[in-house]
Amino acid sequence: MLSKSIEKALNDQIRIEAESSQIYLAMACWAEVKGLEGVAGFMYSQSNEERDHMLKLIKFVNERGGHAHISALNAPNVTFESFKEMFEKLFEHEVFVSESINNLVHISLQEKDYATHNFLQWYVSEQIEEEAMARTILDKINLIGNDKGGLYLFDRDIVNLTVNSASMDNPE
Ligand code: FEO
């Protein structure tokens with residue numbers, strides 16, 4: 001059974017994952033209208049992953065005697081100065097999500113809720129992967145700079161990153 005404070009903290013995380021999904025969906029749309037289909041595909045896939053993160057939390061809360069709340073969301077940014085800025089925002093957002101997960105882990109230990117603590121370990125690993133991927137992408141973008149040819153190749157290659165990350169989630 002979840003304590004009220006853990007239930008509230010998990011519900012806050014449900015909202016954060018839902019907002020993450022919307023943030024990446026808005027990035028997908030921006031990339032798509034700019035003609036970068038690879039980047040758009042990557043962002044659509046990230047958006048789906050965030051929705052899965054949200055659903056996993058929802059199921060956990062409901063199965064542990066709590067009630068998952070579906071709430072209003074903050075509107076995401078829909079335009080960006082550049083691809084670099086967009087990927088910087090993605091990286092910053094993942095760092096923010098990691099901090100939020102760490103905080104949840106801290107609360108679960110304080111409350112001696114070891115079931116929730118155990119459940120959260122999946123999110124801890126996921127955040128390590130997501131931050132690493134965002135950092136790799138940002139390194140590549142910094143290498144490209146303003147080179148249009150480089151951006152074209154990057155758009156083609158980012159498809160592989162999406163496939164790799166999907167196969168990491170489903171190792172079978
Ligand atoms: Fe669900 Fe990218 O954090």
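**Helices, rings and confidence**

Reader: Why are α1 and α3 called roughly antiparallel to each other?

Author: The axes of α1 and α3 cross at roughly 170 degrees, and angles over 145 count as roughly antiparallel (under 35 is roughly parallel, 65 to 115 roughly perpendicular, the rest oblique). So α1 and α3 are roughly antiparallel. Their axes, lines fitted to C-alpha atoms over the stretch in contact, with angles from 0 to 180 degrees between N-to-C directions, come within 11 Å. By class, this contact has 17 nonpolar, 5 polar and 3 charged residues (Ala, Val, Leu, Ile, Met, Phe, Trp, Tyr, Cys and Pro are nonpolar; Asp, Glu, Lys and Arg charged; the others, Gly among them, polar).

Reader: What should I keep in mind about where this comes from?

Author: This is a predicted model, where local features need pLDDT of at least 70, side-chain atom pairs count only at pLDDT 80 or more, and totals for chains, interfaces and linings use all residues. Residues are numbered from 1 along each chain as its sequence is written, and side-chain values use heavy atoms, leaving out hydrogens and water.

Reader: Where is confidence lowest, and where highest?

Author: On pLDDT (the predictor's confidence in each residue, 0 to 100), helix α5 (residues 148-169) is lowest at a mean of 75, and helix α1 (residues 4-33) is highest at 98. The protein chain averages 93, and 94% of the residues score at least 70.

Reader: What makes the span of α3 close to the expected one?

Author: Helix α3 (residues 83-110) has 28 residues and reaches 41 Å from its first C-alpha to its last, against 40 Å expected (1.5 Å times one less than the number of residues). Just after α3, Lys 112 takes a positive phi of about 55 degrees.

Reader: And why are α3 and α4 roughly antiparallel as well?

Author: α3 and helix α4 (residues 114-144) pack at about 160 degrees, with axes 9 Å apart; that makes the two roughly antiparallel by the cut-off above, so the label fits. By class, their contact has 18 nonpolar, 6 polar and 6 charged residues.

Reader: How do you know that Trp 30 and Phe 80 are an edge-to-face pair?

Author: Rings of Phe, Tyr and Trp (its six-membered ring) pair if their centres lie within 6.5 Å; planes under 30 degrees apart are stacked, over 60 edge-to-face, the rest tilted. By this rule there are 7 aromatic pairs. In one of them, Trp 30 and Phe 80 have centres 5.5 Å apart and planes at 75 degrees, so the pair is edge-to-face. Trp 30 lies in α1 and Phe 80 in the loop between α2 (37-63) and α3, so the pair ties together parts 50 residues apart in sequence.

Conventions
Helix = DSSP H or I, 4+ residues; strand = E, 2+ residues; numbered from the N terminus.
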